[in-house]
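Student: I have a structure open and want to talk through it. Can we start with the cysteines and then move on to packing?

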Amino acid sequence: MNKCRNACFATLFLAITLLFAGCGSDTSSTSSSQPYTAAIAEGRTAALEVLAETGGSSLSLALVEGERLVWAETFGLADKESNTAPAADTMYGIGSVSKMVATIAVMKLVDQGKLLLDAPLVNYLPAFRMASPDYTQITVRMLLNHSSGLPGTDLRRLFTFSPVPEYSAQVLETLKGQRLKHHPGYLNTYCNDGFTLVEQVVLAVTGRSYARFVQDEILGPLGMNHSSYPLDYFPAGAFARVYANSILQPQQFTNGLATGGLYSTPTDMAKIAAMLIDKGKYGSQRILSESSVAAMGIDQTVGTFNPVTCYALKYGLGWDTVTEPRLMAANIRAWSKSGNTTSYGAVMVVLPDEGLGMVITGASGIGPDKALVIAQRALLRALVEKERLTVFPTKLNLSPLPMKTPIPPGITGKYATNASLLQIQQQPDGTLSVAQLGATGWQSDPGVWKFRADGWFTTDQQPSFGLSFQTFEGRQYLVQRDVGGYGHYQYDQLYAQQVAPSLPLSAAWSGRLAREWLVTNEHPDSQHYLRMGSDPRLRLLNVAGHFLVVPHTGSSYRVDPSAGDDLAAMMLLISSDNGRDMNDLVIETRGGEEWARFGSYLYCPLSSVTQLPSGSTSTAIIGAEGLGEWRSISGTSASSMTITNAGYWKLFDPSLKMIDHGKESGSRNLPAASGAYYLLTAVWSCR
């Protein structure tokens with residue numbers, strides 16, 4: 001990093017107070033000749049600080065007022081090997097900011113009279129089915145405001161290093177065997193699969209693929225010539241490269257196109273911001289009706305189970321929030337959408353009443369939270385320059401409040417989020433201890449949590465970070481308070497749900513605790529699966545009476561094994577990001593053996609893996625499902641392994657950590673080890 005410090009923090013200044021190419025001279029009525037010198041300086045400083053803090057490889061941004069491109073600049077290196085800085089047309093993966101394009105696509109069909117937002121989804125997508133009978137009550141609107149009740153995200157084949165064009169069809173098929181996690185419309189919690197279904201809706205309604213429809217109806221008319229879905233590999237130099245631990249990564253594919261697949265540039269995406277600022281118009285083009293733009297900006301959480309107001313999660317249609325808290329703290333209405341993939345981060349913020357918009361993209365560790373800090377600082381400074389604010393907001397300076405007694409009863413217990421388990425314990429002196437379950441057991445928070453005069457628990461060291469315990473609809477929740485932005489406001493959110501210990505496990509579930517399963521249908525180019533050291537197992541844990549499933553993708557998911565001997569059900573109702581992405585664990589009998597299914601991943605029992613004697617040859621036949629075949633190889637003495645005619649193969653050491661992988665053929669010397677090596681082979685077009 002130090003060797004290229006000067007190059008990494010070089011900046012490329014692109015444009016100030018210019019119109020977008022092709023816009024002519026017709027600017028929005030909100031535009032002015034304000035140069036925003038201070039806003040640019042503030043944003044540039046923030047961008048350089050984020051690069052230094054994160055070690056990100058590059059960053060690109062654009063600020064607009066109406067249709068006027070006020071500022072566009074790039075930072076860092078798009079390609080470290082060639083020492084090349086990003087250009088204005090260098091594409092970045094924008095992750096879930098892609099959902100704004102999907103929302104615009106749906107609203108265009110509404111404007112054209114081809115869709116009704118509140119009509120049942122099955123009216124337009126007859127192939128949609130689920131195991132829960134009330135799936136028929138899911139509406140098109142619920143896909144866009146995260147209230148459908150779908151489990152969340154089908155991770156299988158979502159993030160890969162090669163294109164998977166049929167991913168949205170996979171999601172549609174997977175959902176046929178899945179249950180809803182809550183009644184449609186009951187609460188809002190982030191759901192990628194709802195937007196992936198938009199691809200199938202567009203195809204069913206228009207007869208055009210989603211990518212074709214978006215190109216014809218949105219990207220083309222807006223002149224977004226440097227925006228594209230990764231249906232194939234991009235030309236060299238077209239996109240910002242990404243690095244993991246300073247190692248160059250291949251092009252990354254997010255195969256859920258509508259939910260997170262678009263590659264774009266800030267100057268291209270700023271045209272969408274400008275269109276929304278002008279209530280659906282861009283230059284002479286009418287992209288959306290005024291009513292559709294207005295509908296997108298209405299708070300969709302009103303009337304749902306949303307007992308703790310979290311202004312960062314007041315979903316609009318597509319928007320993460322229509323009350324962006326970093327700006328709302330200054331009494332400014334703003335809409336924002338964040339996005340990230342495994343290596344890119346992006347954000348789009350629109351101030352509809354002020355005529356301002358900003359888009360930021362980053363690579364290699366620059367996440368949306370950091371991008372939002374840049375946007376808020378630049379936009380707040382712009383508002384000062386416009387004299388909409390008298391002063392630039394300052395950071396909060398909070399001190400611990402006096403202690404209060406007695407503390408509320410019933411706090412001690414376990415609290416679950418979608419992918420973690422917390423332990424809260426009251427100490428004899430009235431304070432609380434907090435621990436989280438990790439890979440090696442309970443990891444204790446070093447702080448001493450004291451009950452304060454305002455009814456929150458905080459530590460002396462972090463008075464801005466608080467915990468409280470509240471009951472809603474008969475369920476007790478852990479509520480979190482923290483400082484947001486660059487430290488100038490506080491926010492609350494529903495964080496975790498208290499969970500009682502599982503009933504005594506049935507004999508069937510108890511007998512499975514000592515067993516392990518191996519994934520059979522992961523994509524060979526999965527970004528997760530190509531990490532050295534990745535673990536292919538699914539395991540079950542019983543921690544202090546709490547039943548957890550730990551799939552090969554990591555995290556610990558609290559499920560309810562009382563649902564049946566073959567079903568451990570998702571069971572949390574949390575209206576925040578911590579209620580997203582949950583799945584049932586289902587046991588399936590195949591060939592007399594118990595296989596495990598979690599989401600769309602299918603796992604075979606480790607105990608059934610065929611062992612290869614020394615000097616033997618084994619032929620693995622891939623069946624119609626395309627499931628991978630596992631073999632084990634004794635590690636008690638040094639040996640060698642040769643693979644021929646395999647679509648792909650992966651080799652795991654006796655601790656089941658991946659140590660090698662390849663395509664077609666390969667060989668490897670295996671040192672003597674305690675236990676067995678494991679080999680996975682499958683066809684390249686694995687399902």
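**Cysteines, packing and backbone**

Tutor: At 3% relative accessibility, Cys191 is buried. Keep in mind that this is a predicted model.

Student: How many disulfides does a search of the whole structure find?

Tutor: Zero. Cys191 is in none, and the nearest cysteine sulfur, that of Cys310, is 18 Å away.

Student: And Cys604, buried or exposed?

Tutor: Cys604 is buried, because its relative accessible area is 7%, under the 20% cut-off.

Student: On to the core. Which residues have the most contacts inside the largest nonpolar core?

Tutor: Phe128, Tyr210, Met269 and Met348, in a core of 76 residues. A second core, separate from that one, has 37 residues, among them Ile40, Trp71, Ala334 and Val349.

Student: What is Phe128 in contact with, leaving aside its neighbours within four places in sequence?

Tutor: The contacts of Phe128 are Leu121, Val122, Tyr135, Ile138, Leu150, Leu172, Leu175 and Leu197. Leu172 and Leu175 are also among the buried residues of helix 5.

Student: How many residues of helix 5 are buried?

Tutor: Seven of the nine in helix 5, residues 167-175. Besides those two leucines, the buried set includes Tyr167, Gln170 and Val171.

Student: Which helix do they pack against?

Tutor: Helix 6. Helix 3 (residues 98-111) packs with helix 6 (residues 192-206) too, at an angle of about 35° and with the axes 10 Å apart. The crossing of helix 3 and helix 6 is left-handed.

Student: Which residues of helix 3 and helix 6 meet there?

Tutor: Helix 3 brings Lys99, Ala102, Thr103, Val106 and Leu109, while helix 6 brings Asn192, Phe195, Val198, Val202, Val205 and Thr206. By type, the residues of that contact are seven nonpolar, three polar and one charged.

Student: Changing topic: the backbone. Which peptide bond is cis?

Tutor: The bond from Thr405 to Pro406 is cis, with omega near -5°. Pro406 is in the loop between helix 12 (368-385) and strand 15 (413-416). Most peptide bonds are trans, and most residues other than glycine have a negative phi.

Student: Where is Asn245, and what is its phi?

Tutor: Asn245 lies in the loop between strand 6 (243-244) and strand 7 (247-248). Its phi is positive, near 55°. Asn245 counts as exposed, because its relative accessibility is 77%.

Student: And Ser364, buried or exposed?

Tutor: Buried, with a relative accessible area of 11%. Ser364 has a positive phi of about 65° although it is not a glycine, and it is in the loop between strand 14 (356-363) and helix 12.

How values were computed
Residues are numbered from 1 along each chain as its sequence is written. This is a predicted model: local features need pLDDT of at least 70, side-chain atom pairs count only at pLDDT 80 or more; totals for chains, interfaces and linings use all residues. Side-chain values use heavy atoms; hydrogens and water are left out. A disulfide is a pair of cysteine sulfur atoms within 2.5 Å. Buried means under 20% relative accessible area, exposed over 50%, partly exposed in between (1.4 Å probe, protein chains only). A nonpolar core is a set of buried Ala, Val, Leu, Ile, Met, Phe, Trp, Tyr and Cys residues joined through side-chain atoms within 4.5 Å. Contact means heavy atoms within 4.5 Å. Axes are lines fitted to C-alpha atoms, for helices over the stretch in contact, and angles run from 0 to 180 degrees between N-to-C directions. Helices (H or I, at least four residues) and strands (E, at least two) are DSSP runs, numbered from the N terminus. A crossing is left-handed if the near helix is turned anticlockwise from the far one by less than a right angle, and right-handed if clockwise. Ala, Val, Leu, Ile, Met, Phe, Trp, Tyr, Cys and Pro count as nonpolar, Asp, Glu, Lys and Arg as charged, and the others, Gly among them, as polar.
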